[in-house]
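Me: I want to go through the empty spaces in this model and the confidence behind it. Please set each value against its definition.

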Amino acid sequence: MNSLKLSGLFFAFLITFSGVFGQKSIKDSTISLAHISIVYSASAPGGDLADRYGFANQIGGSIGYKFANNFMINSGVRFLFGNEVREPIAANVSQLIGTNEAGFTTQAIGADGRFYQLRMSQRGFVIPLTVSRIFSLSPKNPNSGVYLEAGGQFMLHKVFIDVVGQNVPFMTSELRRGYDRLTNGFGAVEGFGYRFFSRHRTINFYLGFEFSQNFTQSRRSYNYDTGPVNRSTRLDLLYGVKAGWTFPIYQAAPDDEYYY
């Protein structure tokens with residue numbers, strides 16, 4: 001069963017589970033509900049990750065469930081991308097010229113003797129699984145407030161090499177794997193912020209800070225430009241802000257009738 005089918009089944013489960021308890025009123029009590037969010041994060045690197053990359057964006061989605069006691073469980077996937085590669089890639093290959101100090105834009109001599117540009121950038125993704133708790137700030141909306149969260153995640157990152165013109169023999173799609181620094185592993189993630197669930201379902205969002213400590217390893221055994229790879233554990237850190245727009249899934253009760 002592929003990931004698309006699994007995601008569809010999970011969404012169906014959330015929708016069904018959210019309706020099991022009947023109609024809900026979010027106006028004056030904490031309620032249970034499923035939710036889907038569109039998520040954006042802006043992240044700065046730390047640790048070993050800062051030696052390889054600069055600032056990165058994360059865009060993706062999350063799914064989760066909020067219980068009536070304001071605890072929540074969330075998961076999803078966010079795609080990681082950035083334009084700054086600080087670690088020189090293929091800098092000692094004789095067909096390369098014009099490598100800049102950051103090592104993320106250079107030129108290569110193609111099969112026809114002409115110069116072709118190589119554009120290098122960061123690509124990857126994170127899959128977090130977190131538990132959080134909302135602490136209400138007002139009895140008028142007990143489902144909204146400051147949240148704290150913690151959990152784990154899987155992280156993968158690599159150097160994406162775009163060969164403009166596709167005419168560089170030592171940078172074919174297959175050979176690029178010898179330069180891409182593919183790395184992945186598991187880590188911890190923590191965060192805090194503010195989450196708002198509208199009483200009228202029109203506006204639902206969250207905004208917060210997120211920190212992660214990822215213990216990763218190179219998944220290539222050999223780099224074509226540097227030789228055998230150091231397979232020791234890396235500490236890849238990310239610090240950033242996170243924002244999400246949320247779509248809650250629950251059946252609202254009429255204003256004068258509530259079921260629990």
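Reply: Start with the strands: a strand here is a DSSP run of E with at least two residues, numbered from the N terminus. By that numbering, β1 (33-47), β9 and β12 (234-249) each supply at least two residues of the lining of the second largest cavity. The model is predicted.

Me: What makes S43 a lining residue of the second largest cavity?

Reply: A lining residue has an atom within 4 Å of a grid point of the space. S43 is among the 14 residues that line this cavity. S43 also belongs to those nearest its centre, with Q58, E210, S212 and L238. β12 gives the most to this lining, with four residues. The cavity's volume is about 70 Å³.

Me: How many cavities of 30 Å³ or more does the structure hold, and why are they called cavities?

Reply: Two. They are called cavities because a 1.4 Å probe fits there but cannot get out. The largest has a volume of about 190 Å³.

Me: Which residues lie nearest the centre of the largest cavity?

Reply: N74, T130, E149, Y206 and K242, out of 18 lining residues. β2 (56-66), β3 (71-82), β6 (115-136), β7 (145-163) and β9 each supply at least two residues of that lining. β3 gives the most, with five.

Me: How do you know how many of the lining residues of the largest cavity are charged?

Reply: Asp, Glu, Lys and Arg count as charged. By class, the lining has five charged residues, beside six nonpolar and seven polar. The second largest cavity has two charged residues in its lining, with six nonpolar and six polar.

Me: Why is the space lined by R52 and E87 called a pocket?

Reply: A pocket is an open set of points, whereas a probe in a cavity cannot get out. R52 and E87 line the second largest pocket, and R181, S218 and N223 are also among its lining residues. Its volume is about 170 Å³.

Me: What makes P228 and V229 nonpolar in that lining?

Reply: Pro and Val are on the nonpolar list. The lining of this pocket has two nonpolar, six polar and four charged residues.

Me: How do you know where confidence is lowest among the elements?

Reply: pLDDT runs from 0 to 100. Helix α1 (residues 3-19) has the lowest mean, 49, and strand β9 (residues 204-218) the highest, 98. Over residues 17-22 the pLDDT is below 50. The chain mean is 84, and 80% of residues reach 70 or more.

Me: Which other stretch stays under 50?

Reply: Residues 254-260. Where pLDDT is low, predicted coordinates should not be read in detail.

Technical notes. Residues are numbered from 1 along each chain as its sequence is written. This is a predicted model: local features need pLDDT of at least 70, side-chain atom pairs count only at pLDDT 80 or more; totals for chains, interfaces and linings use all residues. Side-chain values use heavy atoms; hydrogens and water are left out. On a 1 Å grid over the protein atoms alone, a cavity is a set of points where a 1.4 Å probe fits but cannot get out, and a pocket is an open set with protein on both sides within 12 Å along at least five of seven lines; lining residues have an atom within 4 Å of a point. Grid points are joined across faces, edges and corners, and a volume is the space filled by probe spheres set on the points. pLDDT is the predictor's confidence in each residue, from 0 to 100. Contact means heavy atoms within 4.5 Å.
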